[in-house]
Amino acid sequence: MFNLILFGPPGSGKGTQSEKLISKYGLKHLSTGDLLRSEIAGQTPLGLEAKKLMDKGHLVPDEVVIGMISSALDANPQAKGFLFDGFPRTVAQAEALDKLLKLKGTQIHAMISMLVSEEELVKRLLNRGKTSGRSDDTNEEINRARIVEYRTKTSVVADYYKQFDKLAEIEGEGTIDEIFESLQKEIEVHMEA
Ligand code: AP5
């Protein structure tokens with residue numbers, strides 16, 4: 001099994017690169033943002049509560065996303081590995097993920113963090129908002145709030161994996177193909193380790 005976390009701020013390209021990586025490595029893609037948007041589309045109580053926070057650019061409570069990931073792991077017993085996108089976003093989520101994977105006899109093998117400047121992030125998110133229909137993309141103020149949540153609560157998750165020598169950082173600006181190339185190099189180093 002090979003379990004990877006693709007990490008970076010909103011708009012860093014996690015979703016874009018995840019699509020390419022799951023197709024190349026046959027991993028199961030687990031995006032908490034996608035799981036939450038599917039709850040919103042289904043108008044479930046969880047989705048309706050989550051939407052209020054997401055539309056302000058705030059994080060959804062840890063227990064909600066940890067519960068979703070736990071169910072998704074249970075639902076995919078045959079997966080040859082998982083690609084986590086947008087999770088974990090707090091140290092509490094990282095600790096919970098370690099426990100969940102340990103119960104299944106596995107672990108996180110690597111976190112790859114994509115580094116992108118704030119101005120580039122805001123530009124990408126506003127561009128995507130024109131066509132994606134995502135209600136949290138359309139307004140610069142919400143985008144900045146999402147980036148602040150990342151800087152204050154999420155960026156420390158990289159330090160959590162660094163202490164176990166599992167963190168790799170790559171340049172997240174450049175063409176999509178250039179970034180995919182850098183990701184493959186890092187993944188292959190960690191797969192061989
Ligand atoms: P989530 O869905 O995870 O969104 P995000 O992290 O804010 O990331 P995005 O999907 O906005 O960006 P991305 O990095 O995937 O970039 P993308 O590839 O799309 O979370 C949404 C919300 O849900 C959160 O704010 C929170 O409220 C809640 N949530 C989710 N998970 C949670 C958790 N674990 N705990 C608590 N709350 C949680 O690219 C962006 C744009 O840039 C696209 O248009 C793309 O085409 C373009 N692009 C990509 N690469 C490049 C490139 N190299 N050059 C130019 N443009 C590029």
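1. Two residues are in contact if their C-beta atoms, placed from the backbone, lie within 7 Å. In this predicted model, G11 is in contact with L121, R124 and L125, leaving aside residues up to four places away in sequence. G11 itself belongs to the loop that joins strand 1 (4-7) and helix 1.

2. Is G11 buried or exposed? A residue counts as buried if 20 or more other C-beta atoms lie within 10 Å of its own. G11 has 25 such atoms within 10 Å and is therefore buried.

3. G15 is a useful second case. This residue is found in helix 1, and its contacts, again without residues up to four places away in sequence, are S31 and D85. The count for G15 is 16 C-beta neighbours inside 10 Å, so G15 is classed as partly exposed.

4. Both glycines appear in a database record. For "binding site", an unreviewed UniProt entry lists G11, S12, G13, K14, G15, T16, R128 and G174. Such annotations may be inferred rather than shown by experiment.

5. The surroundings of the ligand can be read from the model. The ligand is surrounded by 29 residues, and the closest are P10, G15, G33, G86 and R128. Two or more residues of this shell come from each of helix 1 (14-25), helix 2 (32-41), helix 3 (45-54), helix 6 (118-132) and helix 9 (176-192). By character, the shell is made up of 13 polar, 10 nonpolar and six charged residues.

6. The next topic is the interior. The largest nonpolar core holds 35 residues, of which L4, I69, L83 and I112 touch the most other members. Helix 4 (residues 62-74) supplies the largest share of this core, with five residues. In soluble globular proteins, nonpolar side chains tend to be buried together. L83 has contacts with L4, L6, S18, L21, I22, L27, H29 and L30, not counting residues up to four places away in sequence.

7. The overall fold contains nine helices and five strands. Along the sequence, their order is β-α-β-α-α-α-β-α-β-α-α-α-β-α. Among contacts with a separation of 6 or more, 75% join residues 24 or more positions apart.

8. Which radius of gyration would a compact globule of 193 residues have? The expected value is near 16 Å, and the protein has 16 Å, so the two agree. The C-alpha trace spans about 45 × 40 × 30 Å along its principal axes. Of the 193 residues, 34% count as buried.

Definitions and conventions. Residues are numbered from 1 along each chain as its sequence is written. This is a predicted model: local features need pLDDT of at least 70, side-chain atom pairs count only at pLDDT 80 or more; totals for chains, interfaces and linings use all residues. A nonpolar core is a set of buried Ala, Val, Leu, Ile, Met, Phe, Trp, Tyr and Cys residues joined through C-beta atoms within 7 Å. A residue is buried if 20 or more other C-beta atoms lie within 10 Å of its own, exposed if 12 or fewer, and partly exposed in between; C-beta atoms are placed from the backbone. Helices (H or I, at least four residues) and strands (E, at least two) are DSSP runs, numbered from the N terminus. A residue is near a molecule or strand if its C-beta atom, placed from the backbone, lies within 6 Å of it. Ala, Val, Leu, Ile, Met, Phe, Trp, Tyr, Cys and Pro count as nonpolar, Asp, Glu, Lys and Arg as charged, and the others, Gly among them, as polar. The radius of gyration is taken over C-alpha atoms; the globule rule is 2.2 Å times the number of residues to the power 0.38.
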